[in-house]
Amino acid sequence: MSEVTGTIKFSDEALAQVKRIIARYPEGKQKSALLPLLHLAQSEFDGWLSPEVMDYVASLLSIKPIEVYEVASFYSMYNLKPVGKCLIEVCRTSSCWLRGADDIISHIEKKLNIEAGETSADGMFTLKTVECLGSCGTAPMLQCGADFFENLTTEKVDELLDKWKESDKRSSYLKSVNS
Amino acid sequence: MKKILLEHIDEPGINTFEVYRKKGGYASVEKALKTMTPDAVTEEVKKSGLRGRGGAGFPAGMKWSFIDKKSEKPRYLVCNADESEPGTFKDRYLMEKIPHILVEGMITSSYALGAKTAFIYIRGEYMYVLRILEKAIDEAYAAGFLGKNILGTDYSLDLYVHPGAGAYICGEETALLESLEGKRGNPRLKPPFPAIAGLYSSPTVVNNVETIAAVVPIVNNGGDEYAKIGIGKSTGTKLISASGHINRPGVYEIGMGLPVEEFIYSDEYCGGIWKGRKLKAVVAGGSSVPILPADLILKTAKGEPRLMTYESLADGGFLTGTMLGSGGFIVMDETTSIVRNLYTFARFYHHESCGQCSPCREGTGWMEKILHRLCHGHGRKEDIDILFDIAKKIEGNTICPLGDAAAWPVAAAIRHFRSEFEEAALVHAPIGELVAH
């Protein structure tokens with residue numbers, strides 16, 4: 001069991017959610033709550049999972065920190081380093097590629113002056129390329145926060161980027177993990 | 001053809017309990033719980049000939065009948081909503097538009113299996129759909145269709161939605177169960193199969209979203225009625241996700257047996273190839289199935305019209321046929337570089353390999369690397385044979401089918417479009433810009 005260190009603690013609202021999430025699984029199987037709790041943790045702590053946050057989640061579930069690390073490093077949605085306030089994930093797999101995903105990616109790269117995988121200097125945007133998000137019939141597409149943006153054109157992307165200049169999408173999972 | 005899953009898709013408010021119920025929703029729960037034994041429900045599913053709609057096509061009723069009834073452990077039904085096969089988006093569409101058909105199917109199916117707890121495991125990227133499902137589940141609880149003593153009967157059921165977190169491999173049922181237990185999504189060695197030792201080592205059935213939704217019309221109208229749709233062992237309707245270079249991408253519910261040519265060119269479905277171009281190739285069942293050139297997707301090698309059924313699409317084996325798979329129908333026009341498209345698949349499988357088995361972990365990386373150089377003007381003459389060789393050595397040598405899924409598209413693309421690969425190996429120029437979109 002890890003010690004809860006420093007100031008890392010969920011808000012009361014999130015703690016109430018933790019309780020509800022754990023209650024879904026049979027007694028003694030609370031580890032099942034790990035994936036939803038890590039989503040919640042990312043929403044609570046700036047969109048990424050620091051070792052301290054992962055230790056905290058381990059303590060909430062009475063499991064070893066290594067059990068959290070090995071899971072957090074397996075799934076692509078968990079960010080193990082800080083991300084921008086808007087994490088832009090552009091699909092690049094077949095159906096999106098066939099309908100121009102490469103143009104969308106290079107357009108965003110130019111516009112934000114970063115390459116895929118990087119965060120803009122002001123910490124606003126992180127750009128990632130991702131594999132199929134199940135939006136093939138409305139390709140090309142990107143995801144930002146919990147939302148899908150589909151049938152993209154470079155003009156549409158420009159509008160979105162302008163709109164998001166001032167926003168913070170990192171906590172968008174909080175309300176959705178447990179309504 | 002009368003739609004049976006998407007019948008009320010255009011009804012305003014069909015995502016709410018109220019409208020869904022008004023349109024006859026939850027009738028299968030009433031019928032099953034009040035007038036049928038659990039085994040009788042399973043029997044109807046067997047009679048229907050329904051086959052797993054996630055891609056494998058295994059008979060659903062038979063899968064249900066494998067559940068260990070002698071075990072004293074609780075039984076579980078888990079819905080596989082981890083839809084991640086490139087080219088497939090039908091489950092997302094169904095859950096987003098008509099969430100209650102999945103909730104209803106889960107209740108009726110759980111009753112048949114004797115499960116008191118059921119989970120819908122949904123891919124984490126579909127978080128907004130998870131929110132829609134949770135709302136539908138709340139409504140079903142409020143109306144007495146979930147919880148203790150459903151409709152005043154002895155039967156009780158709790159249903160939860162559980163998010164994944166980005167891993168294609170969790171669509172493999174034992175990886176999904178590992179993930180649901182809070183672990184890495186590494187597929188398990190089988191046997192034991194989930195029906196004997198699944199979630200928490202308890203008897204478990206894992207079914208795809210569309211499979212569970214299909215239980216609703218099967219119970220309502222009877223398995224025989226469902227089996228009247230389709231041809232031979234391909235019964236009922238299938239949701240096809242159509243994408244790529246077509247005029248009308250989207251999700252279409254088709255009766256099994258529809259000619260492929262009609263599906264591609266009819267204005268009721270794909271509406272033909274975009275920009276007035278010609279058809280070059282189709283990946284008919286999601287990224288894992290063999291690609292076919294235009295002539296072989298429209299007609300079998302014997303010259304018969306190719307139909308949208310498990311059997312017709314597979315006609316000719318892997319030499320000249322393919323698979324229905326998940327129904328992820330990706331269409332490519334004459335300008336498409338097959339080599340470049342294959343590179344997106346290879347990159348995908350390398351990214352998604354869980355790393356447990358070396359042939360897949362290493363082989364998918366090598367295939368991506370070779371295809372990368374072929375696409376970027378650094379190809380070598382021997383690359384085609386090496387690719388083919390790696391694919392053959394992955395196939396059949398891994399714990400789960402991801403290895404096969406990574407190997408088949410490579411082998412098929414080379415088989416049908418070898419000259420393009422040879423050109424890519426000889427012409428030392430990037431080929432990405434060959435595609436004009």
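# Notebook: two chains, A and B

I began with a loop of chain B, and I found B:Tyr26 in the stretch between helix H1 (17-22) and helix H2 (27-35) of chain B. I looked up its backbone angle, and phi of B:Tyr26 comes out near 70 degrees, which is a positive value in a residue other than glycine. I noted beside this that most residues other than glycine have a negative phi, and that most peptide bonds are trans. I should also write down at the start that this is a predicted model.

**Cis peptide bonds**

I then went through the peptide bonds, and in chain B I found a cis bond that joins B:Pro191 and B:Pro192, with omega about 5 degrees. When I asked where B:Pro192 sits, I found it in the loop between helix H8 (173-180) and strand E4 (204-208) of chain B. In chain A I found that the bond from A:Ala139 to A:Pro140 is cis, and its omega is near -5 degrees. A:Pro140 also has its place in a loop, and here the neighbours along the chain are strand E2 (125-130) and strand E3 (142-144) of chain A.

**Chain A as a whole**

I counted the secondary structure of chain A and arrived at eight helices and four strands. Reading from the N terminus, I wrote the order of the elements as α-α-α-α-β-α-α-β-β-β-α-α. I looked up the radius of gyration of chain A, which is 18 Å, and compared it with the 16 Å that the globule rule gives for 179 residues; the two are close, so chain A is as compact as a globular protein of that length. Along the principal axes, the C-alpha atoms of chain A fill a box of roughly 50 × 35 × 25 Å. I also noted the division of chain A into domain 1 (12-72) and domain 2 (86-164), and the C-alpha centres of these two domains of chain A lie 29 Å apart.

**Chain B as a whole**

I repeated the count for chain B, and its secondary structure comes to 18 helices and 11 strands. For 437 residues a compact globule would have a radius of gyration near 22 Å, and I found that chain B agrees with this, having 22 Å. The box filled by the C-alpha atoms of chain B, taken along the principal axes, is roughly 75 × 45 × 40 Å.

I wrote down three domains for chain B, namely domain 1 (17-228), domain 2 (238-333) and domain 3 (338-434). I looked more carefully at domain 2 and domain 3 of chain B, whose C-alpha centres lie 23 Å apart. Their contact takes 10 residues from domain 2 of chain B and 10 residues from domain 3 of chain B. On the side of domain 2 of chain B that touches domain 3 of chain B, I sorted the residues into eight nonpolar, two polar and no charged.

**Two helix pairs in chain B**

Two packed helices are described by the angle between their axes and the distance between the axes, and I looked up both for each pair.

The first entry is helix H6 (residues 99-113) of chain B with helix H7 (residues 127-142) of chain B, which pack at an angle of about 55 degrees with their axes 9 Å apart. That angle makes H6(B) oblique to H7(B), and I noted their crossing as right-handed. From H6(B), the residues B:Pro99, B:His100 and B:Val103 meet B:Ile132, B:Leu133, B:Ala136, B:Ile137 and B:Ala140 of H7(B). By class, I have seven nonpolar, one polar and no charged residues in this contact of H6(B) with H7(B).

The other entry is helix H3 (residues 38-48) of chain B with helix H9 (residues 209-221) of chain B, whose axes come within 9 Å and cross at roughly 100 degrees. H3(B) and H9(B) are therefore roughly perpendicular to each other. Here B:Val41, B:Glu44, B:Val45 and B:Ser48 in H3(B) meet B:Val215, B:Ile218 and B:Val219 in H9(B), and the contact divides into five nonpolar, one polar and one charged residues.

**Where the chains meet**

Last, I looked up the contact between the chains, in which 42 residues of chain A touch 52 residues of chain B. On the side of chain A, helix H2 (34-44), helix H4 (65-72), helix H5 (94-98) and helix H8 (174-177) each supply at least two residues. H2(A) gives the most to this side, with five residues. I sorted the residues of chain A that touch chain B by class and entered 20 nonpolar, 13 polar and nine charged.

Methods
Residues are numbered from 1 along each chain as its sequence is written. Chains are lettered from A and ligands numbered from 1 in the order in which they are written. This is a predicted model: local features need pLDDT of at least 70, side-chain atom pairs count only at pLDDT 80 or more; totals for chains, interfaces and linings use all residues. Two residues are in contact if their C-beta atoms, placed from the backbone, lie within 7 Å. Ala, Val, Leu, Ile, Met, Phe, Trp, Tyr, Cys and Pro count as nonpolar, Asp, Glu, Lys and Arg as charged, and the others, Gly among them, as polar. Domain bounds come from an automatic or database domain assignment. Axes are lines fitted to C-alpha atoms, for helices over the stretch in contact, and angles run from 0 to 180 degrees between N-to-C directions. Angles under 35 degrees count as roughly parallel, over 145 as roughly antiparallel, 65 to 115 as roughly perpendicular and the rest as oblique. A crossing is left-handed if the near helix is turned anticlockwise from the far one by less than a right angle, and right-handed if clockwise. The radius of gyration is taken over C-alpha atoms; the globule rule is 2.2 Å times the number of residues to the power 0.38.
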